[in-house]
Amino acid sequence: MTKSGGTKLRALPEQSSEELSELKQKIRIHRMKILILILAGISIVIGLCFAAFIYFENKVYTDYEIIEQTERSEMQAAEYEEFCGSVLQYTQDGAVYSDIEGNVFWNQTYEMETPCITMCDDYLAIYEQGGTRIYIMSMAGQQGAISTTLPIQRVSIASQGTVAVLMEDSQTSYLHMYNKEGKQLAGGELHIENSGYPLDIALSADAQKLAVSLLDIKEADVKSTVVFYNYGTVGKSEIDNIVSSYSYMDMVIPSIRFVSNDRLLAFGDTDIIIFEGTQKPAEARKIKCKSNIRSIYWDEENFGLVFDNPDSAKGYLTHIYNMKGALVLEQKFDLEYTDIGFLQNGLLCIRNEKSVQLFTMRGSKRFEYTFDRNVYDVISGNGQLDYWIILSGETDRIKLKD
């Protein structure tokens, strides 16, 4: 008979409470060391990221390298506008719409001494002050044309191609609404002796609201009035579709713009007024201007004003506000500019015929350069180092460098 073998289990000696306490303390210390090492590593990574951010934020690029270059046929005395990510080039004789590389989408001919462009989303209108013809265009080409019997003063277009047209005849002005095919949708009259002289109009992107800025001068008194029309359900129950109006003494309001369906900016010579409301716009904020405004510009998130530099005989100061009227940035610059505005990447672009300056929304200068030929437009690419520069005779895709 064979005996089976096995391993005998022996009981471990019991540990004293002091030994257990000492063991737990060692475990806590070990875990604490690991935690400290992890936190130290995270702190180093955060510190490096912050240092890189500060370095990049304050870095000024003064040169560039050409990534791609395209020759472009240039129309004489042409003006340029960015439209839906591509380039609109227009003159007295017509407009050409092409992509960045110069591939032509469409070519629209016309005869206008001083053509004007107004845009909203995927539509634009081409017209001439004092003329009688409006061309409604999209990325696909002409969508319609409107002929008026009276001289055109202002045009505003909505996102589906609907246009509001202000026309003038002696002591009476006329406001008409047309769809993109040229069919009249609404119309009315403004008598100067009763309501004042219309300075500007603005149509909301959904074509439901129309605003008019009127100037009334009687003897030594100057009064501006902003009138809101609603062409939706709410406006039908109001006289002449007028849902609200606001008057301001000793102020001229030459420019008004809907920056969203429920927000309008009124740029006065002394105040900037923000109106808000989905159906009946009301005054939401008033910004007092301490000096004369030289320029205005805006995008979907912010708007800017340019003044003369109050601290110097030369140079300029720009104030940038968000759409609630809060001051975002005060920035001085010394470039004698011909154009100022926001790029798609959020940077502020200031330029003249040959020089370009770019600023971040925190006031850091990102790029400064003077080209050897005329600069017609700057279009941002991917990120903050990639740009398209529309130059005389060519288009360059560039990457900023030291």
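Helices (H or I, at least four residues) and strands (E, at least two) are DSSP runs, numbered from the N terminus. The exercises below use this numbering for a predicted model.

**Exercise 1. Locate D121 and describe its backbone and its surface surroundings.**

Solution.
Step 1. D121 is placed in the loop between β6 and β7 (123-128).
Step 2. The phi angle of D121 is positive, about 55°, although the residue is not a glycine.
Step 3. Together with D122, E300 and E301, D121 forms a negative surface patch.
Step 4. For the patch member E301, the place is the loop between β22 (295-298) and β23 (302-308).
Step 5. Exposed means over 50% relative accessible area. E301 has 57% and is therefore exposed.

**Exercise 2. Determine where N241 lies and what sign its phi angle has.**

Solution.
Step 1. N241 belongs to the loop between α3 (233-236) and β17 (242-249).
Step 2. Its phi is near 65°, a positive value in a residue other than glycine.

**Exercise 3. Decide whether P115 is buried or exposed, and list what P115 touches.**

Solution.
Step 1. P115 lies in strand β6, which covers residues 115-120.
Step 2. Buried means under 20% relative accessible area. The relative accessibility of P115 is 14%, so P115 counts as buried.
Step 3. Leaving aside residues up to four places away in sequence, P115 touches Y90, T91, Q92, Y110, I126 and Y127.
Step 4. S392 is 277 residues from P115 along the chain, and the C-alpha atoms of the two are separated by 21 Å.

**Exercise 4. Describe the setting of N103 in sequence and in space.**

Solution.
Step 1. The residue N103 is in the loop between β4 (94-98) and β5 (104-109).
Step 2. With a relative accessible area of 45%, N103 is partly exposed.
Step 3. N103 touches Y97 and S98, when residues up to four places away in sequence are not counted.
Step 4. From C-alpha to C-alpha, N103 and R72 are 9.3 Å apart in space, while 31 residues separate them in sequence.

**Exercise 5. Identify the residues of the nonpolar surface patch and place I34 within the structure.**

Solution.
Step 1. The patch is made by M32, I34, L35, I36, I38, L39, I42 and I46, and its area is about 740 Å².
Step 2. I34 is in helix α1, residues 17-58.
Step 3. Partly exposed denotes values between the limits of 20% and 50%. I34 has 39% relative accessibility and so counts as partly exposed.

**Exercise 6. State how many salt bridges the whole structure contains, and analyse the pair R263 and E276.**

Solution.
Step 1. A search of the whole structure finds 15 salt bridges.
Step 2. In one of them, the side chains of R263 and E276 meet at 3.1 Å, N to O.
Step 3. Because R263 lies in strand β19 (residues 263-267) and E276 in strand β20 (residues 271-276), the pair ties together parts that are 13 residues apart in sequence.
Step 4. R263 counts as buried at 15% relative accessibility, whereas E276 counts as partly exposed at 24%.

**Exercise 7. Explain which parts of the chain the salt bridge between D308 and R294 ties together.**

Solution.
Step 1. The closest N and O atoms of D308 and R294 are 3.3 Å apart.
Step 2. D308 lies in strand β23 and R294 in the loop between β21 (282-288) and β22, so the bridge ties together parts that are 14 residues apart in sequence.
Step 3. D308 is partly exposed, with a relative accessible area of 44%. R294 is also partly exposed, at 46%.

**Exercise 8. Characterise the salt bridge of R373 with E394, and name the residues of the salt-bridge network.**

Solution.
Step 1. R373 and E394 form a salt bridge in which the closest N and O atoms are 3.2 Å apart.
Step 2. This pair links distant parts of the chain, 21 residues apart: R373 is in the loop between β29 (365-370) and β30 (375-380), and E394 is in strand β32 (residues 394-401).
Step 3. R373 is partly exposed at a relative accessible area of 29%, and E394 is buried at 11%.
Step 4. A network of salt bridges links R154, D200 and R257.

Technical notes
Residues are numbered from 1 along each chain as its sequence is written. This is a predicted model: local features need pLDDT of at least 70, side-chain atom pairs count only at pLDDT 80 or more; totals for chains, interfaces and linings use all residues. Side-chain values use heavy atoms; hydrogens and water are left out. Patches are made of residues with over 30% relative accessible area and no salt bridge: like charges are joined within 9 Å, nonpolar side chains (Val, Leu, Ile, Met, Phe, Trp, Tyr) within 5 Å. Accessible areas come from the Shrake-Rupley method with a 1.4 Å probe; for residues, only the protein chains shown count as cover. A salt bridge is a side-chain nitrogen of Lys or Arg within 4 Å of a carboxyl oxygen of Asp or Glu. Lys and Arg count as positive and Asp and Glu as negative; His and the chain ends are not counted. The place of a charge is taken as NZ of Lys, CZ of Arg, CG of Asp or CD of Glu. Buried means under 20% relative accessible area, exposed over 50%, partly exposed in between (1.4 Å probe, protein chains only). Contact means heavy atoms within 4.5 Å.
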